[in-house]
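Subject: Handing over the structure, with notes

Dear colleague,

I am passing the structure on to you below, and after it you will find my notes on what turned up when I went through it. Please read them with the structure open beside you.

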Amino acid sequence: MKATGVVRRVDELGRVVLPCELRKVMHIKDRDSLEVFVDGDRIVLKKYEPACTFTGSADDLIEYKGRKVSKQAIREMAELL
């Protein structure tokens, strides 16, 4: 893991501000979603990328009833009929 030398305090509502330079480098824009992971004693933030509900793939996604579904998953389900 690469150290940035940036230290931020958590405010009274539990918020942390990500520095502008870091957001630019990581292509994080206003209103983007971040996933939160715990790795031992570390908190890891990752830019959220929607994935297929069934396969976990992020390729060729279609939204169906509020869920992301890959075209491959649709083809596989169609074969079951």
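Before the first residue is placed, one term is needed: a strand here is a DSSP run of E with at least two residues, and strands are numbered from the N terminus. Please also keep in mind throughout that this is a predicted model.

With that term in hand, Glu-63 is a useful place to begin, since this residue lies in strand E3. Strand E3 covers residues 61–64 and runs antiparallel to strand E4, residues 67–70, the two being joined by four bridges. Across this pairing, the residue opposite Glu-63 is Lys-68 in E4. The two residues also meet through their side chains, because a side-chain nitrogen of Lys within 4 Å of a carboxyl oxygen of Glu counts as a salt bridge, and the closest N and O atoms of Lys-68 and Glu-63 are 3.3 Å apart. Glu-63 counts as exposed because its relative accessibility is 53%, and exposed means over 50%. Lys-68, with a relative accessible area of 29%, is partly exposed. Looking further along the chain, Glu-63 and Met-77 are 14 residues apart, and their C-alpha atoms are separated by 16 Å.

E3 and E4 form a hairpin with two residues between them, and in the turn Lys-65 has a positive phi of about 50°. Ahead of this hairpin, in the loop between E2 and E3, is Asp-60, whose phi is near 50°, a positive value in a residue other than glycine. Asp-60 is exposed, its relative accessible area being 52%.

The other hairpin is made by E1 and E2, again with two residues between them, and here the residue in the turn with a positive phi, of about 65°, is Gly-40. Strand E1 takes in residues 34–39 and strand E2 residues 42–47; they run antiparallel, and six bridges join them. Within this pairing, Val-36 stands opposite Leu-45 in E2.

Which residues lie nearest the centre of the largest pocket? They are Thr-4, Leu-18, Leu-22, Ile-43 and Leu-45, out of the 23 residues that line it. Leu-45 therefore appears twice in these notes, as a residue of E2 opposite Val-36 and as one of those nearest the pocket centre. E2 gives the most to the lining of this pocket, with six residues, and the space in the pocket comes to about 880 Å³.

Strand E2 is also involved in another salt bridge, and it may help to recall that side chains of opposite charge can pair when their charged atoms come close. The side chains of Asp-32 and Lys-47 meet in this way, at 3.4 Å from N to O. This pair links distant parts of the chain, with Asp-32 in the loop between helix H1 (20–25) and E1, and Lys-47 in strand E2, 15 residues apart. Asp-32 counts as partly exposed at 28% relative accessibility, and Lys-47 is likewise partly exposed, with a relative accessible area of 28%.

The structure holds three salt bridges, and the one still to be described is formed by Arg-15 and Asp-11, whose closest N and O atoms are 2.8 Å apart. Arg-15 is partly exposed, with a relative accessible area of 48%, and Asp-11 also counts as partly exposed, at 25% relative accessibility.

The loop between H1 and E1 deserves a second look, as it also holds His-27. The phi of His-27 is near 55°, which is a positive value in a residue other than glycine, and at 58% relative accessibility His-27 counts as exposed.

Finally, there is a nonpolar patch on the surface, of about 500 Å², made by Phe-54, Ile-62, Ile-74, Met-77 and Leu-80. One of these residues, Ile-74, is found in helix H2, residues 71–79. How accessible is Ile-74? Its relative accessible area is 37%, so Ile-74 is partly exposed, and this value also meets the requirement of over 30% for a residue in a patch.

With best wishes

Terms used
Residues numbered from 1 in each chain as written. Predicted model: local features only at pLDDT ≥ 70, side-chain atom pairs only at ≥ 80, totals over all residues. Heavy atoms only, no water. Pairing = 2+ DSSP bridges. Patch = residues over 30% accessible without salt bridge, like charges linked within 9 Å, V, L, I, M, F, W, Y side chains within 5 Å. Areas by Shrake-Rupley, 256 points an atom, 1.4 Å probe, with all protein chains shown as cover. Buried < 20%, exposed > 50% of the residue type's maximum accessible area, 1.4 Å probe, protein only. 1 Å grid on protein atoms, 1.4 Å probe; cavity = no way out; pocket = protein on both sides within 12 Å on 5 of 7 lines; lining within 4 Å. Points joined across faces, edges and corners; volume = space filled by probe spheres on them.
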